[in-house]
Amino acid sequence: MPTSRICNIGACFTDLIAYGPRMPKPGETVHGTKFSTGFGGKGANQAVQAARLGAEVMMISKVGDDKFGDDTLHNFEQQGVDAQHVTRATNVASGVAPITVDETTGQNSIIIIPGALDTLSAADAEAARAEIRGCCLLMAQLEAPLGATLAALSVAREEGVTTLLNTAPARQLPDQIWPLCDIICPNEPELRELTGLPTGTEEEVAAAAQELLKKGAGKVLVTLGERGCALFTPGAEPLFALARAAEARDTTGAGDSFLGALAARMAAGAELREAMAWANEVAAVSVTREGTQKSFPTAEEMLARHAISLIDHTSLGLDDTESVIRNLMDGATANRPHPAAVCIYPKFVKFARALQRESPDRYGDLRVCTVVNFPGGKEPLDKVVADTRQAVQDGAHEIDVVIDYNLLKEDEQRGRQAAEALVRAVRTVCPAGEVLLKVIIESGELSSDTLIATAAEASIAGGCDFVKTSTGKVKVNATPGAARVMLRAIAAHSRASGPGARTIGFKAAGGVRDA
């Protein structure tokens, strides 16, 4: 019975990587800057990336009876990849891949010499049938002999295992392969090679993807480089997942990082939409570092990056100045990954957005958040609405609004009505889908689970996007107990609203407070 285990059949190569200021032209010699070796091959890369993200992975491949083969098997052991079906070919060298990297752009060119991989056969796939049966996903590429790949896809189909074929490097394929593939994953040039159709525009990509669907592929997932990826399914609208901006140093292996991450997320039970977004995040990290497998992030690193992305860098001092806000934004973006947002008083939103326009490379992906009805939730409603309207006009990405938690403590019914009315009024000037609306309930001040639940329910009823525990300005901010109560309120809303309901987020107080 399928589990969360992944099987990958494909290439194990040793990468021979040369870095230089640009790619040499035909017949030209260019002085390089450095040379390194690493482990590669699309199959091995994808297996290692999935394993580094916590997936259980097995590999089917061939290596030579040489030092490169020894090192490859040792690397699999170090990376946690099951290599019992990576066997040796005698009197044949292990596969290698000379790679040239343009240090200016991060782009690369690659030649592969398969060596021992060319001895991989259908018999090797059949020998692994029992192990394939115990997997939830089989991944394949086109570096290995086509007979072995077809056999592995057939075994997986017979055993009820989901199949994913990465059509790289592109080649003409027999018609029998398409119905064996639940997901086909080409990039744009590969899609063009496979179909003979242009892929220069989104419309052309869609038309070419439809050709593969007509041939029997279950789904077509096209990677679009820095634009992300697009999923095409028969009878459905295309689904796009945008890539995260990254300063690329070396794009070698980025596609393999994407697919390894996609597989790991799918094996963990995620829907394909979520897996695509996650894979984009992981691949964006990989291109910021040199090398192939050594550039691949681990699950721990991705978790740490996600945690940092949830932090607001905050300054809410009464004596704040534009100089303080500039320093706040400089501090927030000093390292990568950096906090998701800066949280500032409404009067500084316009200044912060102006800084972003002046220096988009530095500040451009930083969100600007402001807080209204702060700190005690006692401002007149018309003033709170006016402050919100102005902040939105000035370009705020997020609005935090504090409810009157003291009124809720004094009179739960009146407090609930006032909180819902406040959120509803602020929502009217805070466009849903454009500006995030987060409601701060000061759970530490409310203290009782009943009042915390009431505040969360009123906030959700008013139309918020997030419920947030605290301003961070009170004695008791976020507690695990308060978080559980608020999350239960969110879950109850989701159950009551049914499929397609508005998604509500939760945020604990915290962040980096400079005031």
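This dialogue goes through several features of a predicted model and how to read them.

Me: What should I know before reading the model, and how are residues numbered?
Reply: Residues are numbered from 1 along each chain as its sequence is written. The model is predicted, so local features need pLDDT of at least 70 and side-chain atom pairs count only at pLDDT 80 or more, while totals for chains, interfaces and linings use all residues; side-chain values use heavy atoms, with hydrogens and water left out.

Me: How many helices and strands does the protein chain have?
Reply: Helices (H or I, at least four residues) and strands (E, at least two) are DSSP runs, numbered from the N terminus. The protein chain has 19 helices and 21 strands. Its C-alpha atoms fill a box of roughly 85 × 55 × 45 Å along the principal axes.

Me: What share of the protein chain is buried?
Reply: Buried means under 20% relative accessible area, exposed over 50%, and partly exposed in between, with a 1.4 Å probe and protein chains only. Of the 515 residues in the protein chain, 51% are buried. Lys-214, in helix α7 (residues 202-214), counts as exposed because its relative accessibility is 63%. Ala-386, in helix α14 (residues 381-393), is partly exposed at 35%.

Me: Which strands pair with β8?
Reply: Two strands pair if DSSP finds at least two bridges between them. Strand β1 (residues 5-9) runs parallel to β8 and is joined to it by four bridges; Cys-7 has Leu-138 as its bridge partner there. Four bridges also join β8 to strand β9 (residues 162-166), again in parallel, with Ala-140 opposite Leu-165. In β8 (residues 137-140), Leu-137 and Met-139 point one way, Leu-138 and Ala-140 the other, and all are buried.

Me: What is the hand of the unit made by β8, helix α5 and β9?
Reply: A crossover is right-handed if, with the strands pointing away from the viewer, the path from the first strand over the helix to the second runs clockwise. β8, α5 (residues 146-158) and β9 make a right-handed β-α-β unit.

Me: Is helix α9 largely enclosed or open, and how does its span compare with the expected one?
Reply: The expected span of a helix is 1.5 Å times one less than its number of residues. For the 15 residues of α9 that gives 21 Å, and the end C-alpha atoms are 21 Å apart, which agrees. Because 11 of the 15 residues are buried, α9 is largely enclosed by the rest of the structure. Among the buried residues are Leu-272, Met-276 and Trp-278.

Me: Where are the cis peptide bonds and positive phi values at Asn-373 and Glu-442 to be placed?
Reply: Most residues other than glycine have a negative phi, and most peptide bonds are trans. A cis bond joins Ala-168 and Pro-169, with omega about -10°; Pro-169 is in the loop between β9 and β10 (183-185). Another cis bond joins Phe-374 and Pro-375, with omega about 5°. Pro-375 lies in the loop between β16 (367-372) and α14, as does Asn-373. Asn-373 has a positive phi near 60° and is buried, with a relative accessible area of 4%. Glu-442 has a positive phi of about 50°, lies in the loop between β18 (436-440) and α17 (443-446), and is buried at 0%.
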